[in-house]
Amino acid sequence: MLSISGSLGLRICHSFNLINKIIKGMKKGSKPEVIEPPPGPNGPSDVTVNHASRSANPQAQLTNVKSQAISRTTLPQDCEIEVTPMLKDVPISERHVLFIKKVNMCAVSFDFADTLKKVKEKEIKRQNLQELVDLVQCGSSKMNEIMQQEMVNMISVNIFRALPPAAYENTGAIDGDPEEDDMYLEPSWPHLQLVYELLLRYVVSPDTDTKVAKRFIDHSFVLNLLDLFNSEDPREREYLKTILHRVYGKFMVHRPFIRKAINTIFYRFIFETERHPGLGELLEILGSIINGFAVPMKEEHKLFLIRALIPLHKAKFINYYHQQLSYCITQFVEKDYKLADIVIRGLLKYWPVTNCTKEILFLGELEEVLDATQPAEFQSCMVPLFRQVGRCINSPNFQVAERALFWWNNEHIVNLIAQNREVILPILFESLEKNIRGHWNQAINGLTANVRRMFIEMDEDLFDECNNKFIEKQALVNQTLQQRELAWKKLEAIASGDDMVMVN
């Protein structure tokens with residue numbers, strides 16, 4: 001009687017059980033997966049994402065997922081890496097077992113810090129990954145449920161890993177400029193890129209049954225994907241952006257959970273870290289999601305705008321994600337013009353005091369918001385808005401002043417100003433006159449003169465009235481200054497005199 005050691009026996013038993021499951025899956029029958037190649041991760045998205053909410057309590061789901069240890073099937077790391085025949089070269093009856101073998105070999109991780117270590121094994125894994133990508137793309141093999149599960153588990157083993165510390169964490173420069181940090185590139189990218197490509201092609205396939213796939217691409221899987229947006233490698237974040245977007249579009253059951261999880265990431269950024277390398281990519285996904293919101297919008301979406309998106313403007317290094325954030329904000333206003341007042345007042349609340357770069361970004365964003373603003377909403381916020389614009393016009397930084405004066409090149413904004421000139425011109429008149437009389441930059445003087453001329457053409461009588469009030473105000477200011485100088489001269493004369501003055 002042949003005696004087999006315990007470890008080897010268990011492994012052989014596991015292999016036979018797995019083969020039996022595969023054979024049973026084959027007997028049940030499954031349609032061939034015809035998987036078409038999706039656009040590259042850098043290409044434009046062709047998925048129309050429409051709003052759907054089917055979860056009764058997504059916050060509870062998020063809490064439950066985060067509180068649990070995420071358990072994934074651990075594939076064997078001691079699997080022998082060897083050259084195997086290509087799947088297309090073996091009989092159909094043997095392809096399923098060979099597929100599982102290749103998947104197990106692809107689950108083995110390698111140390112890429114040493115480029116000379118296990119070169120042959122790394123190349124075998126790369127070739128196997130490439131073959132799996134091509135297989136899923138062309139749909140030349142049946143993919144039953146067991147094969148899909150093993151493939152997703154292998155993908156999880158490869159991509160879900162501990163990320164290295166960020167550059168600012170290594171240096172301790174918490175307030176440092178992210179632009180000055182050295183860009184980190186993942187050493188294992190030759191393998192990791194193929195794994196992401198495999199996942200992307202699996203998700204976007206029109207023949208991937210969501211009822212089956214959602215058992216593997218579940219909330220834990222999605223939450224781990226979101227955690228990977230902390231990666232410093234922009235190539236990885238680009239793949240993650242495309243994959244998460246496609247998951248949101250295909251798996252309707254995950255939509256409320258994804259929105260809630262992104263919301264949590266934003267809260268942590270706003271109130272704790274103010275550091276997240278993947279914020280721009282997440283906002284880019286949200287721009288597509290917001291574009292698919294049904295009208296009228298639900299209250300939860302409006303709260304997301306007020307509590308998450310608008311407070312994102314307070315971060316110091318907003319320029320790294322402002323373009324995507326501005327697009328999201330504008331999408332909300334275009335969907336519901338009544339939100340314009342909330343957005344404008346929110347931007348004024350977080351208006352920068354000493355950061356000229358942020359002021360320029362804010363002025364540009366406000367112009368886009370005003371393009372979608374109706375007269376009624378404009379009237380409710382025009383007074384604080386143009387008080388701030390007046391301060392920008394007088395800014396010693398010529399770029400800030402120039403960006404504010406460029407508003408008068410926008411026909412829609414000029415029409416709104418003309419309709420409310422009785423309120424706006426008195427607010428701006430003093431700022432315009434100060435620029436013409438004393439701004440150091442000649443280009444700003446010319447732009448201010450053009451704006452002044454436009455107000456005269458709008459209503460000359462109103463302009464003359466404002467001019468007379470300004471002259472009277474300046475006369476009072478000059479009179480007050482003269483009285484103040486005279487009082488100081490008297491005090492100086494008294495202080496220099498011989499007699500002591502007693503003040504009761």
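Of the 504 residues in the protein chain, 46% count as buried. Keep in mind that this is a predicted model. The chain has 22 helices and zero strands, so to speak an all-in bet on helix by the DSSP runs. Here's a quick tour, from the whole chain down to a few backbone oddities.

**Whole chain**
- Among contacts with a separation of 6 or more, 77% are between residues 24 or more positions apart.
- About 26,700 Å² of the protein chain is exposed, and 52% of that comes from carbon and sulfur atoms.

**Helix H13**
- H13 covers residues 299-309, and its buried residues are His301, Phe304, Leu305, Ala308 and Leu309.
- Look down the axis of H13 and those buried residues fall within an arc of 110°, so they line one face of the helix.
- What do the buried residues of H13 pack against? Their partners are helices H11 (255-273), H12 (279-291), H14 (322-335) and H15 (340-349).

**Helix H16**
- H16 runs over residues 356-371, which makes 16 residues.
- From first C-alpha to last, H16 reaches 23 Å, close to the 22 Å expected at 1.5 Å a residue.
- At the start of H16, a side-chain oxygen of asparagine 355 comes to within 3.2 Å of the backbone nitrogen of threonine 357.
- The buried residues of H16 include Phe362, Leu363, Leu366, Val369 and Leu370, and charged-type names turn up on the list too, namely Lys358, Glu359, Glu365 and Glu367; Gly364 is also buried.
- Those buried residues pack against H14 and H15, plus helix H17 (375-393), helix H18 (398-405) and helix H19 (411-419).
- H14 and H15 therefore turn up twice in this briefing, as partners for the buried residues of H13 and for those of H16.

**Backbone oddities in the loops**
- Where does the cis peptide bond sit? It joins valine 295 and proline 296, with omega at about 0°, and proline 296 is in the loop between H12 and H13.
- Lysine 118 isn't a glycine, yet it has a positive phi of about 50°.
- You'll find lysine 118 in the loop between helix H3 (92-106) and helix H4 (119-138), and it is partly exposed, with a relative accessible area of 47%.
- Glutamate 274 also has a positive phi, about 55°, without being a glycine.
- Glutamate 274 lies in the loop between H11 and H12 and is partly exposed, at a relative accessible area of 33%.

Key
Residues are numbered from 1 along each chain as its sequence is written. This is a predicted model: local features need pLDDT of at least 70, side-chain atom pairs count only at pLDDT 80 or more; totals for chains, interfaces and linings use all residues. Side-chain values use heavy atoms; hydrogens and water are left out. Buried means under 20% relative accessible area, exposed over 50%, partly exposed in between (1.4 Å probe, protein chains only). Helices (H or I, at least four residues) and strands (E, at least two) are DSSP runs, numbered from the N terminus. The arc is that of the directions from the helix axis to the C-beta atoms. Contact means heavy atoms within 4.5 Å. The expected span of a helix is 1.5 Å times one less than its number of residues. A polar contact is a pair of N or O atoms within 3.5 Å; within protein, one must be able to donate a hydrogen and the other to accept it, and residues adjacent in sequence count only if both atoms are side-chain atoms. Accessible areas come from the Shrake-Rupley method with a 1.4 Å probe; for residues, only the protein chains shown count as cover.
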